[in-house]
Amino acid sequence: MLFRSEILFKAKRIDEQHKGEWIKGTPFFSPDKGRCVLIHAVAVHPDFVDDDGRVYYSEGTPVAPQTVCQYTGLTDSNGVKIFEGDFVNVRTTAYMFRSCVVKWNESNAMWSVVSGAVRYRMSDSFKYEVIGNIHDEEK
């Protein structure tokens, strides 16, 4: 099983102009301010690195902390990154499972897809299709 080492998160914005939109970045929880923001990777841009090599970050984008989802390191058959909390259809060599939820399995330290009471270990040999997320509103 090959998982990429990219560390990435997504969450839903709470600012009025873009409320409910997904954004990607690194979460920063501020207990003293009681909020969570996602900080975007800006170190690659020369405007954010001073002469001494120190990196400066934006203030971040306010997000709903309960919507923060970690990237699994896998992508679906359409190239979409698969995050914790995503609903996915899963195709193995023998079976098709619909509307499984991606969850972290703490006791086995692995990503799993869950369908009812059944849990399967995620594998890059399966085919996935992201069809939504537990934090998306039903249309």
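Let's start with Phe-97, which counts as buried at 18% relative accessibility. That is under the 20% cut-off for buried. Keep in mind that we are looking at a predicted model. Phe-97 has an aromatic partner in Tyr-95, and the two rings form a tilted pair, 5.9 Å centre to centre with 35 degrees between the planes. Tyr-95 sits on the other side of the burial scale, as an exposed residue with a relative accessible area of 55%. So what else belongs to the cluster with Tyr-95 and Phe-97? Tyr-120 does, and the three residues form one aromatic cluster.

While we are on aromatics, the count comes to five aromatic pairs. Another of these is Phe-126 with Tyr-128. Their ring centres are 6.4 Å apart and the planes stand at 55 degrees, so this pair is tilted. Phe-126 is partly exposed, with a relative accessible area of 25%, while Tyr-128 is buried at 3%.

Now let me step back to the whole chain. How many helices and strands does the secondary structure come to? The answer is zero helices and 11 strands, so if you read along the sequence you go from β to β right through the pattern. Of the 139 residues in the chain, 35% are buried. As for contacts with a separation of 6 or more, 47% of them are between residues 24 or more positions apart.

Next, the sheet I would like you to find on the screen. This is an open sheet of five strands with antiparallel pairing, and the order is 10-9-8-7-11. Which strands stand at the edges? Those are strand 10, residues 118-121, and strand 11, residues 127-133. Each has a single partner strand, so one side of each is left without a neighbour in the sheet. From one strand to the next, the twist averages 40 degrees.

As a reminder of the chemistry, strands of a sheet pair through backbone hydrogen bonds, either parallel or antiparallel. For a worked example, take strand 9, residues 110-115, which pairs with strand 10 in the antiparallel sense over four bridges. If you want one position to click on, choose Ser-112, whose bridge partner in strand 10 is Arg-121.

On to the charged residues. Side chains of opposite charge can pair when their charged atoms come close. How many salt bridges does a search of the whole structure find? It finds three, and I will take them in turn.

The first I'll show is Lys-10 with Asp-86, where the closest N and O atoms are 3.2 Å apart. Lys-10 lies in strand 1 and Asp-86 in strand 7, residues 86-91, so the pair ties together parts that are 76 residues apart in sequence. Are these two residues buried or exposed? Lys-10 counts as buried at 11% relative accessibility, and Asp-86 is also buried, at 0%.

Then we have Lys-12 with Asp-136, the closest N and O atoms being 3.0 Å apart. This pair also links distant parts of the chain, with Lys-12 in strand 1 and Asp-136 in the segment after strand 11, 124 residues apart. Lys-12 is buried at 11% relative accessibility, whereas Asp-136 is partly exposed, with a relative accessible area of 29%.

The remaining one is Arg-13 with Asp-15, whose side chains meet in a salt bridge at 2.8 Å, N to O. The side chains of these two residues also make a polar contact, listed at 2.8 Å.

Let me stay with Arg-13 for a moment. Where is Arg-13 placed? You will find Arg-13 in the loop between strand 1, residues 9-12, and strand 2, residues 22-30. Although Arg-13 is in a loop, this residue counts as buried, because its relative accessible area is 17% and the cut-off for buried is under 20%. What surrounds Arg-13, leaving aside neighbours within four places in sequence? The contacts include His-18, Lys-19, Gly-20 and Glu-21, along with Ile-23. Further along the sequence, Arg-13 is also in contact with Thr-61, Pro-62 and Val-63.

That's my tour, and I'm happy to bring any of these residues back up on the screen.

Methods:
Residues numbered from 1 in each chain as written. Predicted model: local features only at pLDDT ≥ 70, side-chain atom pairs only at ≥ 80, totals over all residues. Heavy atoms only, no water. Pairing = 2+ DSSP bridges. Helix = DSSP H or I, 4+ residues; strand = E, 2+ residues; numbered from the N terminus. Axes fitted to C-alpha atoms, helices over the stretch in contact; angles between N-to-C directions. Polar contact = N/O pair within 3.5 Å; in protein donor to acceptor, adjacent residues only side chain to side chain. Contact = heavy atoms within 4.5 Å. Salt bridge = Lys/Arg side-chain N within 4 Å of Asp/Glu carboxyl O. Buried < 20%, exposed > 50% of the residue type's maximum accessible area, 1.4 Å probe, protein only. Phe/Tyr/Trp six-rings, centres within 6.5 Å; stacked < 30°, edge-to-face > 60°.
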